[in-house]
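Biologist: Before I trust any labels on this one, I'd like to hear the reasoning behind them. Can you walk me through it?

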Amino acid sequence: QNIPARGLFCREIFACQKHRNTLAGHAAGAKADGVTNVPRLRSHSLSPWPSVTIRPHEHSESGMPTHLIMCCHNGGAYVQTQLASILRQSEPIDHFHIFDFASTDDTVTRIAEAFRTLTPHQPYTLHRQPDAPGPALSFFHAFAQVQRQVKDDDCIFIADQDDVWLPGKVQAMCATFRREIARTPSGMLAVFHDVHIVDSSLKPLQTSFYTGNPYQVPRDLAADRLLLCNPVVGHTLAISGKLLRYVCQHATPRHYLMHDWAIVLWASRAGRIVWYGQSPLSLYRQHARNVLGAHRRRPLFERFRRTRRFALQVTQQALGFAKDLAHAPAISLNTTDRKWIRLANSGQLTWRARIFLAQLALHTGPTFKRKLLSAFLLFQPRHSQDRNSPQENPHPNPKTGDVLVHSRPPHP
């Protein structure tokens, strides 16, 4: 479905402000009353949100069970706005799986308040973990928990704590997912969409993520390109339950730079990736605490340092993916994959492997900057290790986590 470009959240929550373009209208419509300057909590209460009629919890209109996985860590400043944008969708999410990783702010209180005031009859599960292993390992841990509760053709949305969903996103994505899953023999499907890039206060920065520099689809969805870059924004993904389980079974979490990149790599080999390209369906918030950002200007030395580190991480990820791929059930592999698997499983990172990745970057890089990555891939320290690589233990111990299950309250 074609979502109107001027979609705004309802007035009860979001105030419209005057901006110069349509994107600004989106940002104004998504700016919650009082959220950008919420006072610190002095007790376990929040200023009450304006009341609005929310229909009782029911299965999605498509008849297809839907799930949402959200991971949080010290996201109190943004998580309530994000949940409001999700809970006010025209088509409801059936099952909410929210994971908090050692937040020391009011994140948990704000999550509870959002559900209590907006959808008191909506069941959700809040898993509280005692440590924070970083975004990639946090989501892998969440995937491992949720994959036991989903069926093959369930639609699973991935959500970050700090972005905003535009009206109609769930309806549009479910319609696309329902249509495309019937065309996917393997049952392993990933659907994603474009975003508006905004700053921390939701003011517009960029109308689209796919401007061609650095990312463009479908160009960057080629299997060879995905070894070197990930054009998919994680919070835009909706994936099938079968793909989720497949990733959990065959991907070693510590091998991957980000969880969404792992999903995209496996979907490109074992299933399908579909782009909903009619219009952006969310606001991608950029702020100082982003692990990865889309709209930042950095000094030359900082860009050099980050590119050098990125080349090392991409190499380690490509090697790890090849090892995982070699042990996965028989799937259709292209020539590049088969050659890379042979190199990756031949021992240490050799000059042949470095040359292979460098040639791939030079051949597939769409811009000069992307082609320049080949030099960083080629001239890496021989036995360097990423000092910030994920720890060996891929998941927090689920037995030490406090799991709170919030069920639908009984009728009076």
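Modeller: Sure, starting with the network of salt bridges that links Arg179, Glu180, Arg183 and Arg272. Keep in mind that this is a predicted model.

Biologist: What makes Glu180 and Arg183 a salt bridge?

Modeller: Their side chains meet at 3.3 Å, N to O. The cut-off is 4 Å, so the pair counts.

Biologist: And Glu180, is that buried or exposed?

Modeller: Glu180 has a relative accessible area of 5%. Buried means under 20%, so the label fits. Arg183 is at 52%, and exposed means over 50%, so Arg183 is called exposed.

Biologist: Which partners does Asp220 have in salt bridges?

Modeller: Arg219, with the closest N and O atoms 3.1 Å apart, and Arg225, at 3.3 Å. Both distances are within 4 Å, so both pairs qualify.

Biologist: Why is Asp220 called buried?

Modeller: Because its relative accessible area is 0%, and the limit is under 20%. Arg225, at 5%, counts as buried too. Arg219 is at 28%, between the 20% and 50% limits, so Arg219 is partly exposed.

Biologist: What forms the positive surface patch?

Modeller: Arg338, Lys339, Arg342 and Arg352. Helix 10, residues 335-344, gives the most, with 3 residues.

Biologist: How do you know that Lys339 is accessible enough for a patch?

Modeller: Lys339, in helix 10, has 38% relative accessibility. A patch residue needs over 30%, so Lys339 passes that test. The 38% also falls between 20% and 50%, so Lys339 is called partly exposed.

Conventions:
Residues numbered from 1 in each chain as written. Predicted model: local features only at pLDDT ≥ 70, side-chain atom pairs only at ≥ 80, totals over all residues. Heavy atoms only, no water. Patch = residues over 30% accessible without salt bridge, like charges linked within 9 Å, V, L, I, M, F, W, Y side chains within 5 Å. Areas by Shrake-Rupley, 256 points an atom, 1.4 Å probe, with all protein chains shown as cover. Lys, Arg positive; Asp, Glu negative; His and termini not counted. Charge placed at Lys NZ, Arg CZ, Asp CG, Glu CD. Helix = DSSP H or I, 4+ residues; strand = E, 2+ residues; numbered from the N terminus. Buried < 20%, exposed > 50% of the residue type's maximum accessible area, 1.4 Å probe, protein only.
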